[in-house]
Amino acid sequence: MKPKFSIIKKSYVWVGFGLLGLLLAWAIFFSNMRFSEEFTGWVKMTIDKSVDQTAIKKDLDAYLQGAWFVGSTVSTEGQVNSTKLAIKTQVENDEKVNILSKDIQAFLVKKWYITSAKEISEQSITGPSVGNYMQKSAKTAIIVWVLLMAIYMMFSFATIRKYIAPGVLAAVTIGTMIFDVSLPAGMYGIWMYFDKTVMIDSVFIIALLTNMGYSINDTIIIFDRIRENVQNKGNNKGVLFGKLFEDSLWQTMRRSMGTVLSTFI
């Protein structure tokens, strides 16, 4: 791709905008962050009869907020001859979700929504351990990923060590990856602000990990072209490495834009 303007000469501008965007994105994300039931725990049950959805939701909300189940939310869905309840709560462990389930059954009997637990035809319970497992797995994957990537770069770019340290390239790759993850996270934070049903779930975690993979791949492709150009021209007298880096960026620009566009589609 033919250069339209100088990227390297304006690098301080791009870095400045990048840092500003990064800080703004994470501020938006963390201020609107909400975890789905996979990370907090939930109880879902189906009652074998139609009940007043407004009344049962109001009674359950009041009961849960008055008990020790903090931050609970109740949603209902009426069907023919049945009513579905979904109770999301914030608990420390799976055992407390089981306690919540039993308490809700007792409460429904007490308020005469059901005569006994036998009128509950279906029930599912999920504790926060599912979300905790996903968080630990994601953290482990990121740490191993970064370490393997750094080791790869130390060996793969050893041939240009006298011009630029592979460790610097690895650090830039990690920094770029953080930036590439931040912007989607910020946009997701805006979405969570306008739509209260949008939450952080396993799909969001998978999307971030995928984005990290594309980011690292794109960055290494650019560095690989820099390595080729350094090896071809680095020993020539009077070579300007700023110009060499600029050429490498524009030579890989079409490929990078194509990758982003195809991923977006």
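# Close-up views of the predicted chain

**View 1. D218 counts as buried, at a relative accessibility of 14%.** The model shown is a predicted one. The cut-off for buried is under 20% relative accessible area, so 14% places D218 in that class. D218 forms a salt bridge with R255, and their closest N and O atoms are 2.4 Å apart. This pair links distant parts of the chain: D218 sits in helix α7, R255 in helix α8 (residues 241-264), and 37 residues separate them. R255 counts as partly exposed, at 31% relative accessibility. The bridge therefore joins a buried acid to a partly exposed base.

**View 2. S215 is a buried residue of helix α7 (residues 202-233).** Its relative accessible area is 2%. Which residues does S215 contact, leaving aside neighbours within four places in sequence? They are T176, M177 and D180.

**View 3. E228 and R225 form a salt bridge in helix α7.** The closest N and O atoms of the pair are 3.3 Å apart. The two residues are three apart in the helix, so about one helical turn separates them. E228 counts as partly exposed at 35% relative accessibility. R225 is also partly exposed, at 29%. Side chains of opposite charge can pair when their charged atoms come close.

**View 4. Helix α3 holds a salt bridge between D61 and K57.** Here the closest N and O atoms lie 3.1 Å apart. D61 and K57 are four residues apart in α3, which means a separation of about one helical turn. K57 is partly exposed, with a relative accessible area of 33%. The salt bridges of the model number six. Among them are D61 with K57, D218 with R255 and E228 with R225.

**View 5. Four strands make an open sheet in the order β2-β3-β1-β4.** The pairing is antiparallel. β2 (73-79) and β4 (120-126) are the edge strands, each pairing on one side only. On average, neighbouring strands of this sheet are turned by 10° against each other, direction ignored. Helix α3 (residues 53-66) packs on the sheet and touches β1 (42-47), β2 and β3. The direction of α3 makes about 160° with that of β2. Strands of a sheet pair through backbone hydrogen bonds, either parallel or antiparallel.

**View 6. β3 (residues 82-88) pairs with β2 and with β1.** Seven bridges join β2 and β3 in the antiparallel sense. T73 has K88 of β3 as its bridge partner. V74 is matched with I87 of β3. On the β1 side, six bridges join the strands, again antiparallel. K44 stands opposite A86 of β3. How many of the seven residues of β3 are buried? Five are, and the strand is mostly covered.

**View 7. N81 takes a positive phi in the hairpin of β2 and β3.** Its phi is near 60°. The hairpin has two residues between its strands. Most residues other than glycine have a negative phi.

**View 8. W112 also has a positive phi, near 65°.** This residue is not a glycine. W112 is placed in the loop between α4 (94-110) and β4. Is W112 buried or exposed? It is exposed, with a relative accessible area of 71%. The cut-off for exposed is over 50%, so 71% falls in that class.

**View 9. The whole chain, for orientation, has eight helices and four strands.** Along the sequence, the pattern reads α-α-β-α-β-β-α-β-α-α-α-α. The C-alpha atoms fill a box of roughly 90 × 35 × 30 Å along the principal axes. The radius of gyration is 27 Å, whereas a compact globule of 265 residues would have one near 18 Å. Buried residues make up 34% of the 265 residues. Accessible surface comes to about 15,800 Å², and carbon and sulfur atoms account for 65% of that area. Of the contacts between residues at least 6 apart in sequence, 74% join residues at least 24 apart.

Terms used:
Residues numbered from 1 in each chain as written. Predicted model: local features only at pLDDT ≥ 70, side-chain atom pairs only at ≥ 80, totals over all residues. Heavy atoms only, no water. Pairing = 2+ DSSP bridges. Axes fitted to C-alpha atoms, helices over the stretch in contact; angles between N-to-C directions. Contact = heavy atoms within 4.5 Å. Rg over C-alpha atoms; globule rule 2.2 N^0.38 Å. Buried < 20%, exposed > 50% of the residue type's maximum accessible area, 1.4 Å probe, protein only. Areas by Shrake-Rupley, 256 points an atom, 1.4 Å probe, with all protein chains shown as cover. Salt bridge = Lys/Arg side-chain N within 4 Å of Asp/Glu carboxyl O.
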